[in-house]
Every structure is written in structure tokens, then in C-alpha cells.
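Thank you all for coming, and please take a moment to look at the sequence and the structure before I begin. I will go through the model slowly, and I will try to explain the terms as we meet them.

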Amino acid sequence: MRGLYVHIPFCVKKCGYCDFYSLPARLECAESYVQAVIREAYQYGRLSFQTVYLGGGTPSLLGAGRLKTLIDGLRKALDLSGLAEATMEVNPESATRELLEAAREAGMNRASIGVQSLSDCELKSAGRIHTAAQAVEAVGLAVTLGFGAVSADLIVGLPGQTWLSLRQSMEALLRTGIEHLSVYCLSLEEGTPLAKSPPSELPSDDEQAVLFEQASAFLAGRGLVHYEISNFAVEGRECLHNLNYWRNGEYVGLGPAAASHISGKRFRNRADLDAYLDDPTDLAEEIEQLNARDKACEEAMLRLRLLKEGVGIGELTARFGRDNVGALIGRLERMTSQGMLVSDGARYVLPPSRVLTSNPIFAEVLSE
Amino acid sequence: MDNVRNFCIIAHIDHGKSTLADRILELTGTIHTLSNEQVLDSMDLERERGITIKAKSVRMPYQSGSGEKYLLNLIDTPGHVDFNYEVSRSLRACEGAVLLVDASQGVEAQTIANAYLAIDAGLEIIPVINKIDLAGAMIDDCLLQLDDMLGLPGEDALLISAKDGTGVPELLEAIVARVPPPTGSADEPLKCLIFDSYYDSYRGVIPHIRLFSGSLRPGDKFMVKSTSKVFDVVEVGYFLPQATPCEKLVAGEVGYVGATVKDIGDVRVGDTIISPDHPETPEIPGFRRSQPMVFCGVYPISTNEYGKLKTALEKFQLNDSSIVYEKETSAALGHGYRLGFLGMLHMEITLERLKREYGQELVATMPSVVYKVFTTQGEVMMIDNPSKFPAVQNIDHVEEPLIRARIIVPSELIGPCMELSDAKRGTLIGMEHPDRRRVLLTYDFPFAEMVTGYYDKLKSVTRGYASMDYEVAGYRRGDLVKVDILVKDNQVDALSFISIRDGAVPKARVLVHKLRKLIPRHLFEIPLQAAIGGRVVVREDIAPIRKDVIAKCYGGDITRKKKLLEKQKEGKKRMKMVGSVEVPQEAFLLLQKLEE
């Protein structure tokens with residue numbers, strides 16, 4: 001299993017909470033950007049990929065024509081013959097019928113829609129440029145156009161948000177027929193406008209936690225399984241591309257700021273659009289090559305995010321060798337006896353009560 | 001020997017001692033170019049705090065106006081109230097003292113204290129008014145104060161500006177003319193005072209010495225009077241200011257002796273060095289042993305560094321024999337040491353230096369004075385650690401140490417100063433008017449009030465204009481209670497404190513509140529309690545944390561989020577475990593800041 005991530009670093013306007021690499025008002029480079037991505041893709045020769053994910057930024061800003069050029073180019077550069085899932089992130093305001101049809105035609109079969117909330121007040125306070133109505137319409141359109149899986153992102157902890165408004169957002173979304181929701185607790189990332197001047201009505205961490213737990217219970221009642229810390233899906237509708245991240249699989253990221261994990265090595269492209277347009281093949285930095293023991297810890301940390309699947313002693317031992325996982329399994333055992341993890345003897349999972357306080361557990365898992 | 005002059009410069013802090021030392025070094029050609037760096041203050045910390053902590057000496061050749069050649073030895077002295085002991089030690093190595101007074105400030109509390117020490121040591125005092133170039137110089141006032149407050153005739157004083165050099169050549173002439181040459185003979189049996197020392201990792205302990213009689217040369221043997229241990233002299237020399245070996249040192253001179261002393265306990269500052277052929281040679285008298293006044297516990301952050309701390313303290317004591325330490329075990333903090341200091345500044349500086357010079361991560365507990373506890377069984381216990389207080393029912397009464405403080409304050413600020421002193425349980429002993437602008441107040445205070453920041457407060461209510469000095473003044477009975485702090489039902493011995501009964505609960509309330517702000521939220525609720533004699537008087541709870549999660553972790557986040565988790569984990573390593581609660585080190589310093 002190998003995933004391909006393509007970063008589209010364009011936005012109409014940056015949202016208040018966003019710390020991803022995206023540049024408002026650089027859309028004029030879109031054409032040459034698509035060519036640069038294809039050039040970079042050739043570096044990975046005939047590697048085969050089972051999932052593709054167009055993320056951003058705002059991939060839907062590319063427009064129908066350039067989207068087709070991009071996908072066609074990638075198909076030539078790489079082996080995408082065994083593609084099982086092709087996701088595109090879509091923002092409500094640019095989710096035109098023309099674009100979505102083009103995406104379907106190009107072979108995209110999953111849409112992840114940046115809804116965030118269905119309260120216009122909350123959307124505004126987060127610096128989103130679309131309305132609730134536009135968001136519902138975009139989701140409905142994607143479902144109608146036959147995207148096999150449609151997902152929506154929601155944020156918990158937006159300024160002014162209440163349980164009522166959050167529940168209304170979820171209910172309206174579920175009515176459209178979507179089967180996947182990503183629900184993120186808002187975090188104030190360093191350097192973002194929201195972190196610099198947080199509005200007074202921002203829910204506290206405690207209030208966020210309550211909202212999130214209420215949301216989780218609500219979604220469980222509607223048949224959506226809480227399968228990863230921030231992700232809920234009808235069984236069988238989990239995002240394959242993201243599952244691969246959490247199972248510590250291989251992936252290639254194309255574009256500035258995109259990260260890759262191949263042959264045990266992690267690295268990311270420098271976040272510099274101009275340099276990338278100049279030469280997309282020589283921007284790898286933050287290269288990290290871990291030894292087997294650290295790699296095993298990292299994998300356990302990632303897999304524990306998967307709340308149902310967790311991490312198995314068998315798969316760790318098989319992948320890293322008995323010698324490299326002894327200490328780790330010892331730690332997992334101890335943490336189980338301390339109630340931080342739950343185990344059936346073969347696998348370890350995070351108990352539901354610790355999902356929102358999982359950082360200390362992960363830190364412990366990593367402390368080889 | 002007739003042409004040797006051993007002298008020191010004594011002054012209130014910031015009256016220009018280091019600048020004058022630099023100017024003298026320059027004038028005598030000891031150093032040629034001078035940056036702004038102050039030569040004698042070699043420790044970073046000294047420069048930062050503007051005080052000279054460790055005594056050092058420099059030898060300077062000098063040709064007087066009459067053509068006569070002299071050797072001047074400048075012995076540096078510390079200038080803060082805490083360091084009286086080190087001052088007196090340095091003074092013992094001199095025959096004369098330059099008493100420096102800032103013309104714009106006048107005689108200050110430490111000017112008086114240092115002058116008294118010099119007079120007691122029988123030194124020839126040369127009063128010098130410095131900074132006469134300043135617009136605000138009040139030379140006549142200063143001369144008057146010298147006469148009134150210290151009995152030093154104004155006509156004996158020299159007027160200088162160390163900064164631009166005015167009057168400094170005349171000062172050198174005065175030193176030669178007025179400071180008596182050392183007495184004692186090179187032919188008599190060896191007798192030297194160790195007035196300082198430093199540790200050289202290659203050559204061992206290097207004592208700084210003043211020879212009172214006899215001589216010392218490589219190949220000689222010497223005996224340390226207090227231990228009768230004998231060592232071979234490998235090298236003798238003096239400071240220019242860098243260490244410079246010489247053929248021999250003779251009576252009257254100041255220098256160092258290298259003797260492969262490896263055990264730092266063998267050569268103590270303040271000891272007398274004599275000849276093994278004359279073991280009957282008496283000790284140098286009048287050498288005051290300092291009494292530690294403030295104690296605190298010092299613990300390594302990680303328990304396995306206890307050995308490193310021990311070595312560091314051993315080395316430290318070599319450079320500063322006024323520090324005392326002994327093993328201590330705290331239920332909350334593990335194994336550590338209880339350290340005794342001369343005063344608060346001494347403590348702060350020592351802890352900083354321990355951390356810096358020896359690379360030790362330390363937790364220092366709140367400082368305590370030494371209480372005299374009279375038990376119902378009729379015993380008297382000296383208690384320097386609140387957690388060692390006997391149970392309430394076993395205490396008959398408690399006495400606390402007093403100091404007598406001399407405070408000089410501008411007349412218009414006498415109100416706030418007296419108000420503060422009253423709030424700090426001061427008893428006014430006397431009030432004098434040394435000149436028309438200022439008042440000299442004498443107060444008795446419980447020393448514990450100094451520990452909780454009286455001096456800083458005084459500085460702030462008088463906008464920095466007050467100066468203070470103090471001396472120990474016995475014990476006085478007080479209505480004192482011990483307050484215990486419990487973190488999730490575990491009593492934290494390192495947070496116990498002694499307070500007068502009236503102020504105990506308000507203090508406990510502030511402490512518990514600050515602890516609540518400081519201790520991070522855990523996954524469980526943490527009750528914080530303060531108790532007096534087993535009765536809970538204050539309680540606050542730290543609510544359990546609800547959210548500590550990385551919501552987004554996708555391909556691009558993995559390495560960064562992992563680093564975030566590792567950083568979180570690192571932060572925890574700097575905490576001390578109290579039962580199951582991680583307590584930041586700062587918590588143990590809170591008590592000092594209770595009154596801010």
C-alpha cells in the first residue's frame with residue numbers, strides 16, 4: 001500500500017486557524033505549478049500507488065481544465081493502475097458542478113469537503129469565505145455526482161459554538177447522505193491570526209472536550225464509527241489514504257511543504273513556491289531516517305490513533321524484529337496495567353476515555 | 001619589605017571600586033589598554049550583579065614621585081553586607097584601606113559597615129571622595145559625613161574621579177606615604193594567612209596567601225596549622241593580574257602557593273600556614289568564623305545526579321569557606337543537601353554559580369533562618385528547616401533570630417521606610433540626622449523578614465535611595481507556627497514554612513493559590529491544602545485536564561507532532577514528582593515570593 005499526496009498551495013484567503021502552507025493570490029502560477037508537480041512526479045519513476053489525495057490549500061481552485069491536466073500527467077508519470085481511492089479536497093465556494101464533474105471524469109472518487117460548520121456566524125469568525133448554504137449545496141452536489149465517498153470536515157471549538165449549533169451542523173450534513181466526518185478540535189497553532197488574537201467567545205479546552213465527546217456519542221448513535229481520533233465513518237467508508245498514514249505506510253508527497261515517507265525515510269519539500277516552480281526536484285529537507293527501534297515506537301504511536309484497530313504485537317514483531325520491539329512492548333504492557341491502554345493480549349488500543357488526553361500516552365510510547 | 005604596601009579598596013556598592021582598581025592598574029602599567037571590562041571582576045556573575053564576590057590580589061610595581069620604587073598589592077574585597085566575613089578576611093591581609101565614597105551619593109550604610117570592619121582590623125584608612133566630576137557631586141557634604149559618621153577628618157580625604165583619572169596619581173602617593181609597610185621578618189618562622197583560594201584541576205588547590213613572617217620557596221615544606229598536614233611547595237608566585245611564578249615570597253608579601261594539595265578539605269580559607277619545623281607557631285588571631293544565617297535545601301533534578309552535586313559542593317566550599325552543607329533527605333525531593341549561607345544575596349549568588357559553573361540543574365527550597373525551639377521537655381533545638389519542627393504539642397515556645405539594621409534614607413522618604421519597617425515587625429531603636437538631607441535609622445528586625453524580601457521592598461519604596469547594612473543581634477521570642485502544604489494528600493516537606501500566627505493563613509492562601517496556578521493540570525483532580533498543626537486552613541483544587549490531544553496527524557504532520565510530544569516529555573523531566581503529581585521546580589521558590 002502506497003499513497004500519493006499532491007499539495008495545491010493556493011487559497012483565495014487564508015483562514016484564521018490555518019497553519020498549512022498556502023498562498024493567497026498566487027493563482028496565476030497555477031498553470032506552471034501543475035507542470036512542476038508532474039515534473040516532480042517523474043522522479044518517482046514507475047512507483048505504484050493505491051491512493052491519491054489532492055490536498056491544500058484549496059485544490060478546487062485549480063479549475064476543471066488544470067485538474068484534468070494534472071491527473072493525466074500523474075497517470076503518465078506514475079503507475080496509478082491499481083488506484084483504489086482518489087480523494088480531492090473541495091472548498092464549498094469553489095465546488096462548481098463543472099469542477100466536480102471534471103473531477104469525476106478524471107477518476108476522483110472521493111470528495112472531502114471543508115464545511116467546518118453550518119452556522120454562518122461560526123464560519124465568519126473562523127475566517128471562512130463561504131456560507132452554510134453553499135456548504136450544504138456542495139456536499140449534496142458531490143453525493144449526487146456519484147462520488148463514492150463524501151466526507152466533511154467539522155471544527156469543534158469555533159468562537160460562539162454551542163452543542164446545539166454543532167448538533168445542527170452534524171444533522172444537516174448527515175441528511176445529505178455523507179458517510180464520513182472529520183471532527184477536529186480547534187487548536188491555536190503558532191503564528192495563525194486566531195492564535196495571535198483569540199476572540200473572547202472562544203470555547204475553553206474543557207468546553208471543547210465536552211462538545212467533542214457529545215459529538216462522538218451523537219455520531220455513534222447515527223452509525224458512524226469513531227475509527228481515528230478525529231475521524232468518524234460508516235464501517236467500510238474509512239479513508240484509505242489516511243489509514244495508510246496511521247498504519248505507518250509509505251507515501252510520496254508532491255509540491256512545496258509536502259511530506260514523504262519511503263524506504264524508511266521521512267522528508268519534506270521546502271515550503272517555497274518560487275523555488276519549487278524553478279526546480280521541483282531538489283527541495284527535500286528535514287530528512288529523518290530512524291533506526292528500527294525508534295521506527296517501531298513511531299508506528300505504535302501512529303497505529304494507536306486507530307481506535308478500533310490499535311497496534312498488534314504480531315505486526316510490530318514481524319516488521320521490526322523481536323529485538324527491536326521488546327522494550328516497546330514492555331512499555332505497552334505497563335501502560336495497559338496502569339489503565340492507559342486496553343489490551344486483549346494480542347493488540348493494544350486507546351480506551352475511549354483517553355482519546356482526548358492521549359498525548360501523554362503517545363509521549364510515553366515514544367520514549368524509547 | 002619597607003617598600004611593600006598592602007591595601008584594599010572598600011566602598012558601598014556602585015561607588016566606583018572596580019573603576020578605581022582599573023585606573024590604578026593602568027597607572028602602574030600593570031595593564032596597558034583598558035576596555036570597559038573590569039579586570040578584577042572576572043566572574044560573569046560579578047559583573048552582572050556589579051559586585052565583587054571573591055577576594056583577589058594584584059601586585060603592581062610603582063615608582064613614587066620621589067623616585068623610590070614600591071610594590072603595591074591591591075587586595076580586592078567584596079562589597080555587600082552578606083560578605084562581611086570575606087571582607088574581614090581580606091582586610092587581615094592589608095595594612096591600609098582606601099575608603100571610597102561616591103560624591104553624588106555620600107556615605108551609605110555599607111560604607112559605614114566596611115569602615116567599621118577596617119577600623120576594627122587596625123588598618124590605616126584613606127578616605128577618598130570619588131566621582132567629583134559629576135554635576136551632582138556634593139563634596140562638602142561627603143566630607144562632613146565622613147567626620148560625623150565615621151570620625152574621619154575631612155582634611156585627610158582625597159578628591160578623585162576614578163573615571164577620568166583626576167586625583168588618582170595623588171592617591172597612589174598617599175597610599176605610599178600613609179599606609180604603613182608590613183611588619184614581620186623573613187628570618188622568623190613562617191606564618192601566612194590563607195585569605196582566598198581557587199581550585200585548578202591540574203595543580204589542585206592554590207591558596208592565596210599573605211606572609212606575615214618567614215619566607216616560602218619551591219622545595220620548602222609547609223604545615224596547615226588546623227590540621228597539622230604537611231605539603232611540599234611546588235611553586236610560589238603572585239598575580240599581575242595573571243598568575244606569575246617567582247623565586248620566593250617573603251614576609252609582607254601577597255601571592256599564591258602551589259603545593260599539589262588534592263583534597264580540597266585540607267586547605268581551608270582562613271587557616272594559617274606555618275613551618276613544620278615550628279609547629280608551635282600560633283594561629284593568626286582575630287579571624288572571625290562566619291555564622292551561616294540562611295539555610296535552604298538543594299536537590300538535583302534527577303536523583304542520579306546526587307554524586308555530581310556532592311563533588312560540586314566540595315569544590316565550591318574551597319572557593320567559599322563560608323558555605324556550610326550537610327546531607328538532607330526530603331520525602332518530596334529525595335536526597336540532597338542543606339546549605340547554609342551568610343545572607344540572601346550570598347545564597348542567590350551561590351545557587352546561580354552552582355548552576356552555571358558546575359552545570360547542575362537544581363531545585364532549591366525556600367530559605368529559612370535558624371529558629372530556637374524550646375520543647376516541653378526542656379530541650380533547646382536549633383532548627384534550620386521548617387519541616388524539622390517538632391510537633392505542636394511538644395513545643396513550649398520558639399525564638400527567632402534578630403538583626404540590627406542601619407538604614408540610611410533621604411529625609412523625605414522616611415515615612416514609607418518606617419511604614420514598611422513596621423509592617424515587617426521592625427522595632428525602631430534610634431534615629432539620627434547625619435546631615436541635613438538624610439536620616440540614619442536603626443531597627444531591630446526578625447531576620448526572617450530579610451529572607452522574605454525586606455531589602456528589595458525597602459529599595460522599591462525608597463526608589464533605590466535607601467541603603468542598608470545589618471549585623472546579627474541575638475534571639476527574640478515570637479508567636480510562630482509551622483504551616484504544612486499537602487499536594488494530593490502528600491505533605492510536601494520542602495514547602496512547609498514558619499510564620500507568625502497572625503499572618504499564617506493569609507500567607508498559606510497566597511501560596512496555595514500560586515501553586516494552583518503553577519502546577520499543570522493532570523488527568524486527575526489535585527487537592528492543594530495548607531494545614532497548621534494538622535488542621536486544614538486553606539484548600540484549592542486543580543481540576544483534571546480534559547483535552548491534551550493532537551487532533552490532526554496526517555502525512556505531513558508526523559515528524560513535527562512527534563517532536564511536539566517529545567518536547568512535552570522533556571518538560572516533564574524538569575518536574576519533581578510528589579506522589580503522582582508533577583510539580584515544577586518553581587513551586588519550591590514560591591515561598592520567597594509570597595509577599596510580592
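Let me start with the term pLDDT, which is the predictor's confidence in each residue, on a scale from 0 to 100. We need it at once, since what you see is a predicted model. Chain B averages a pLDDT of 86, and 92% of its residues score at least 70. Among the elements of chain B, strand S5, residues 124-130, has the highest mean pLDDT, at 97, while helix H2, residues 44-49, has the lowest, at 54. Following on in the sequence, residues 50-55 of chain B stay under 50 in pLDDT, although the model has 30 contacts beyond four places in sequence for them. Where pLDDT is low, the predicted coordinates should not be read in detail. For the complex, the predictor gives an ipTM of 0.93 and a pTM of 0.68.

Now to the make-up of chain B, whose secondary structure comes to 13 helices and 33 strands. Of its 596 residues, 48% count as buried. If we take the contacts in chain B with a separation of 6 or more, 69% of them are accounted for by residues 24 or more positions apart.

Which residues have the most contacts inside the largest nonpolar core? They are B:Ala97, B:Leu99, B:Ala118, B:Val128, B:Val294, B:Ile407 and B:Phe447, in a core of 161 residues. Strand S23 of chain B, residues 395-410, gives the most to this core, with 7 residues. Apart from it lies another core, of 113 residues, and A:Leu61, A:Met170, A:Ala209 and A:Leu224 are among them. In soluble globular proteins, nonpolar side chains tend to be buried together. To see one member of the first core in its surroundings, take B:Ala97, which, leaving out residues up to four places away in sequence, touches B:Phe7, B:Cys8, B:Ile10, B:Leu91, B:Ala118, B:Leu123 and B:Ile125.

Next, the place where the chains meet. Here 35 residues of chain A are in contact with 20 residues of chain B. On the side of chain A that touches chain B, helix H14, residues 359-366, gives the most, with 5 residues. That side of chain A has, by class, 17 nonpolar, 10 polar and 8 charged residues.

Helix H11 of chain A, residues 292-303, allows a small check of geometry. At 1.5 Å a residue, its 12 residues should span 16 Å, and its end C-alpha atoms are indeed 16 Å apart, so the two agree. The buried residues of this helix include A:Ala296, A:Cys297, A:Met301 and A:Leu302, and also the charged A:Glu298, A:Glu299 and A:Arg303. What do the buried residues of H11(A) pack against? Within chain A, their partners are helices H9, H12, H13 and H14 together with strand S15, and from chain B comes helix H13, residues 558-573.

I would like to turn now to two hairpins. In chain A, strands S12, residues 259-262, and S13, residues 265-269, run antiparallel and are joined by 4 bridges, with A:Ala259 standing opposite A:Arg268. This hairpin has 2 residues between the strands, and A:Ser263 there takes a positive phi near 50 degrees. Is A:Ser263 buried or exposed? It counts as exposed, because it has 7 C-beta neighbours inside 10 Å, and the limit for exposed is 12 or fewer.

In chain B, 7 bridges join the antiparallel strands S30, residues 526-532, and S31, residues 535-542, and the bridge partner of B:Ile526 is B:Ile542. This hairpin too has 2 residues between its strands, and B:Gly533 takes a positive phi near 55 degrees.

Most residues other than glycine have a negative phi, and most peptide bonds are trans. With that in mind, B:Thr260, in the loop between strands S15 and S16 of chain B, has a positive phi near 40 degrees. B:Thr260 counts as partly exposed, with 13 C-beta neighbours inside 10 Å. In chain A, the peptide bond from A:Gly56 to A:Gly57 is cis, with omega near 15 degrees, and A:Gly57 is found in the loop between strand S4 and helix H2.

I will end with B:Pro390, in the loop between strands S22 and S23 of chain B. B:Pro390 is partly exposed, with 18 other C-beta atoms within 10 Å. Its C-alpha atom is separated by 9.5 Å from that of B:Lys482, which is 92 residues apart from it along the chain.

Notes:
Residues numbered from 1 in each chain as written. Chains lettered and ligands numbered in written order. Predicted model: local features only at pLDDT ≥ 70, side-chain atom pairs only at ≥ 80, totals over all residues. Pairing = 2+ DSSP bridges. Buried ≥ 20, exposed ≤ 12 C-beta atoms within 10 Å, placed from the backbone. Contact = placed C-beta atoms within 7 Å. Expected span 1.5 Å × (residues − 1). Core = buried A, V, L, I, M, F, W, Y, C linked by C-beta atoms within 7 Å.
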